[in-house]
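Please read the following comments alongside the coordinates, as a colleague's note on how the chains are put together and on how far the model can be read.

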Amino acid sequence: MPLVNISLRKGTSADYRRAIADAIHQAMMDAFRIPADDRFILISEHSPENMIQDRTFFGIERIDKSVFLQIVVNHRPVAQKASFYEFVVKNLGHTPGLRPEDIFIGIVEVAPENWWAFARNVNASGSDAVLGTALPRP
Amino acid sequence: MPLVNISLRKGTSADYRRAIADAIHQAMMDAFRIPADDRFILISEHSPENMIQDRTFFGIERIDKSVFLQIVVNHRPVAQKASFYEFVVKNLGHTPGLRPEDIFIGIVEVAPENWWAFARNVNASGSDAVLGTALPRP
Amino acid sequence: MPLVNISLRKGTSADYRRAIADAIHQAMMDAFRIPADDRFILISEHSPENMIQDRTFFGIERIDKSVFLQIVVNHRPVAQKASFYEFVVKNLGHTPGLRPEDIFIGIVEVAPENWWAFARNVNASGSDAVLGTALPRP
């Protein structure tokens, strides 16, 4: 149950933002093998002065179409994370057409039991458990 | 010193949002034994297209009243986290009256020394220390 | 490649917010030795009711000028984090002139390979690698 935060500047269409969300979700399905409906994505639109980056970082020029992505996900092997980056860059390059230079990704890893969603929980050993339904209805 | 992020869709009252914040804070007091005044909560209101989830996840129908909660907190035993989820679901079910299906929780755990608040700091061994007051006033 | 989230209340000038961002960035350069152009900062402006803290926490009165800072960064020694806090408090006290009482900092630590930025990546051993340019252009 990853939680995705997409940050970008104001002035894009809802379709454009949805394309970014879909590209990332597909990358998580391919690299992390998450289920198709395991989709929890937040998009934050910032004014230019509230989304700060240097024009040039590590010798590469970056532009205002850049997106910052934060993915909170269960611990993953290094190779899976590298694969995820490749899928994200490939997918976003295709639709909506972002340059790799304008993609910034940070992953935050957590323990499997750090998630709760009704009817689906993952226990400390990594197994799914239907804890939710065991709770008394309020 | 947990940091709480509450994400929900636009169109709710300040009272409604405060009730959500209070329900989570009470759950942290009960499950994590945090002090009553250890309250640092951010609420983000999203347009519908900027808060994406599948209508159905793991066979459960979810609606637009859903909330995504992110709790950053010191490392906790698995049982405490499970207890926290139960309190959150129970409290939010009571006030403002959210269904369990519409609650999504993610916890991010950090080391005790990863917090700084003036006059209260927790060192690497987990003890409180009054580091803040030892700093030279700027 | 730290990712910084600055949360504060609405009603400040862009210059004021930039001064906060710069103060934090300088503190990361001094304490964490990050490069000058490794700058990825998001600022979120909240209405008063969407940024909740107690007036008094640990016996200290806090005011509405408070800022909540979240820094996602590679794992750091305890002493470096303590040094970072000191720099942040000193810098923000100088410009734009925040009281230590009104600064709240939380650090989230991640593995070096959890970042991706075109042309700069850090592998699991902590070394820089130019993975980005090795990717096929989409």
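The points below take up confidence, symmetry, the interface and the shared sheet in turn.

1. The model is a predicted one, and the predictor gives the complex an ipTM of 0.89 together with a pTM of 0.90. For chain A the average pLDDT is 88, with 86% of the residues scoring at least 70.

2. One stretch of chain A calls for caution: over residues 131-138 the pLDDT stays under 50, and the model has 14 contacts beyond four places in sequence for these residues. Where pLDDT is low, the predicted coordinates should not be read in detail.

3. As to symmetry, a turn of 120 degrees with a shift of 0.0 Å along the axis lays chain A on chain B with an RMSD of 0.0 Å. The two copies are therefore related as by a three-fold rotation axis. Among the residues of chain A, Val108(A) comes closest to that rotation axis, its C-alpha lying at 4.7 Å. The copies use different surfaces, since 4% of the contact residues of chain A recur in chain B.

4. The contact between these two chains takes 27 residues from chain A and 32 residues from chain B. On the side of chain A that touches chain B, helix H1 (14-32) and strands S2 (40-46), S7 (103-110) and S8 (115-117) of chain A each supply at least two residues. By class, this side of chain A comprises 18 nonpolar, two polar and seven charged residues.

5. Strand pairing also links chain A to chain B: S2(A) and strand S3 (residues 51-53) of chain B pair in the antiparallel sense over three bridges, and Leu42(A) stands opposite Met51(B) in S3(B).

6. Which strands make up the open sheet, and in what order? The six strands run S3(A)-S2(C)-S1(C)-S6(C)-S7(C)-S8(B), with mixed pairing. The edge strands, each pairing on one side only, are S3 (51-53) of chain A and S8 (115-117) of chain B. Neighbouring strands of this sheet are turned by 15 degrees against each other on average, direction ignored.

7. At the chain A edge, S3(A) pairs with strand S2 (residues 40-46) of chain C in the antiparallel sense over three bridges, and Gln53(A) stands opposite Phe40(C) in S2(C). Helix H1 (residues 14-32) of chain C lies across S3 of chain A as well as S1 (3-9), S2 and S6 (67-74) of chain C, and runs at about 140 degrees to S2(C). Helix H2 (residues 78-94) of chain C packs on the sheet too, touching S8 of chain B and S7 (103-110) of chain C, with its direction making about 145 degrees with that of S7(C).

Technical notes: Residues are numbered from 1 along each chain as its sequence is written. Chains are lettered from A and ligands numbered from 1 in the order in which they are written. This is a predicted model: local features need pLDDT of at least 70, side-chain atom pairs count only at pLDDT 80 or more; totals for chains, interfaces and linings use all residues. Two strands pair if DSSP finds at least two bridges between them. Helices (H or I, at least four residues) and strands (E, at least two) are DSSP runs, numbered from the N terminus. Axes are lines fitted to C-alpha atoms, for helices over the stretch in contact, and angles run from 0 to 180 degrees between N-to-C directions. Two residues are in contact if their C-beta atoms, placed from the backbone, lie within 7 Å. Copies are superposed by least squares on the C-alpha atoms of residues with pLDDT of at least 70 in both. pLDDT is the predictor's confidence in each residue, from 0 to 100. Ala, Val, Leu, Ile, Met, Phe, Trp, Tyr, Cys and Pro count as nonpolar, Asp, Glu, Lys and Arg as charged, and the others, Gly among them, as polar.
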